[in-house]
Amino acid sequence: MIKLIAIDLDGTLLNENSAITRESIETINKAMDEGVRIVLCSGRPMSGLYPYIKELGLDEDEEYIISQNGSKISTANNEIIKEILMEEADVNYLVDLADKEDVGVCIISGSDNYYAYNYSTPAMEHDADLVFLDVEVLDRDLSKMENNDPMVVMAVDEKDKLDRFTDKYEAEISKQFEFVRSCSTILEFLNRGIGKGPALLYLADYLNLDISEVMVIGDELNDLSMFEIDAFKVAMGNAHQDIKDRADYITLANSEDGVAHAIKKFVL
């Protein structure tokens, strides 16, 4: 019996217009009415989740959120359950590599600030807009960060530049950090062992649920760790092939209410 549904946002719950359809909202609300936990599980910081939390009523139902690809677990009202920050030395190492290759690099803080190192890129401005933040340009002095709480380092630049950076450094960086290509213009670097899957395991234990009572729904490579745990795994019809290969079921695409379809089929 499914007691918790972990749902990715971009490319999964959000359709091609970056909106949650009425069908999805009604289906999720019906599951909540029947006592099923709903957990948004996203690479976005909380700033990029608040409008959807409100739209779904998750804040009123005291649901939980996994944000920044598992670096932070909180209630829908942002009461922190667990968060893991990055060490300053690790941030400097990653910034050095990106700077050396002339790749735009930024830091997302635990307090939802979007800091670019030395300069911003068009890809950063686009990404920051998606999560309702402004890009603040900083030099290397992390003490200038509002709360000095770096959580995720991201290389955010043109696809070709990130392809070259990945080819050159993935093996090296992966020895020390989680290396996640969340989309063509974003590479995310997380503390070792961080991911949506490990965060979901922690949350299930926190809620006294067996992981077999959890259903995960996702589409992109930053969802991969959710598809490596013993939950019931649902891939979107538009999902990356690596996600589909690990799925127990492939639902409809995000443009076809794939999340609602899966919940109706397996939960309601």
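This report describes strand pairing and helix packing in a predicted model.

**The eight-stranded sheet**

The model contains an open sheet of 8 strands with mixed pairing, in the order β5-β4-β3-β2-β1-β12-β13-β14. Its edge strands are β5 (80-83) and β14 (249-250), each of which pairs on one side only. Within this sheet, β1 (residues 4-7) and β2 (residues 37-41) are joined in the parallel sense by 4 bridges. Ile7 stands opposite Leu40 of β2. In general, strands of a sheet pair through backbone hydrogen bonds, in a parallel or an antiparallel sense.

Helix α9 (residues 258-266) lies across four strands of the sheet, namely β1, β12 (214-218), β13 (232-235) and β14. The helix runs at about 160° to β12.

**Strand β6 and its partners**

Strand β6 covers residues 105-109, and 5 of its 5 residues are buried, so the strand is largely enclosed by the rest of the structure. Burial here means under 20% relative accessible area. Both faces of β6 are covered: one side carries Val105, Ile107 and Ser109, the other Cys106 and Ile108.

β6 pairs with β9 (residues 150-156) and also with β7 (residues 114-117). In β9, Met154 is the bridge partner of Cys106, while Ile108 of β6 stands opposite Tyr114 in β7. β6 and β7 form a hairpin with 4 residues between them. In the turn, Asp112 has a positive phi of about 65°.

The table lists three strand pairs from the two sections above.

| Strand pair | Sense | Bridges |
|---|---|---|
| β1 and β2 | parallel | 4 bridges |
| β6 and β9 | antiparallel | 5 bridges |
| β6 and β7 | antiparallel | 3 bridges |

**Packing of α4 against α6**

Helix α4 (residues 88-100) packs against helix α6 (residues 159-174) at an angle of about 160°, and their axes are 11 Å apart. Angles over 145 degrees count as roughly antiparallel, and α4 and α6 are therefore roughly antiparallel to each other. The crossing of α4 past α6 is right-handed.

On the α4 side, the contact is made by Tyr93, Leu94, Leu97, Ala98 and Lys100. α6 contributes Phe165, Tyr169, Glu172 and Ile173. By class, the contact of α4 with α6 has 7 nonpolar residues, 2 charged residues and no polar ones.

Key: Residues numbered from 1 in each chain as written. Predicted model: local features only at pLDDT ≥ 70, side-chain atom pairs only at ≥ 80, totals over all residues. Heavy atoms only, no water. Axes fitted to C-alpha atoms, helices over the stretch in contact; angles between N-to-C directions. Helix = DSSP H or I, 4+ residues; strand = E, 2+ residues; numbered from the N terminus. Parallel < 35°, antiparallel > 145°, perpendicular 65-115°, else oblique. Left-handed = near helix turned anticlockwise from the far one by under 90°. Contact = heavy atoms within 4.5 Å. Nonpolar A, V, L, I, M, F, W, Y, C, P; charged D, E, K, R; others polar. Buried < 20%, exposed > 50% of the residue type's maximum accessible area, 1.4 Å probe, protein only. Pairing = 2+ DSSP bridges.
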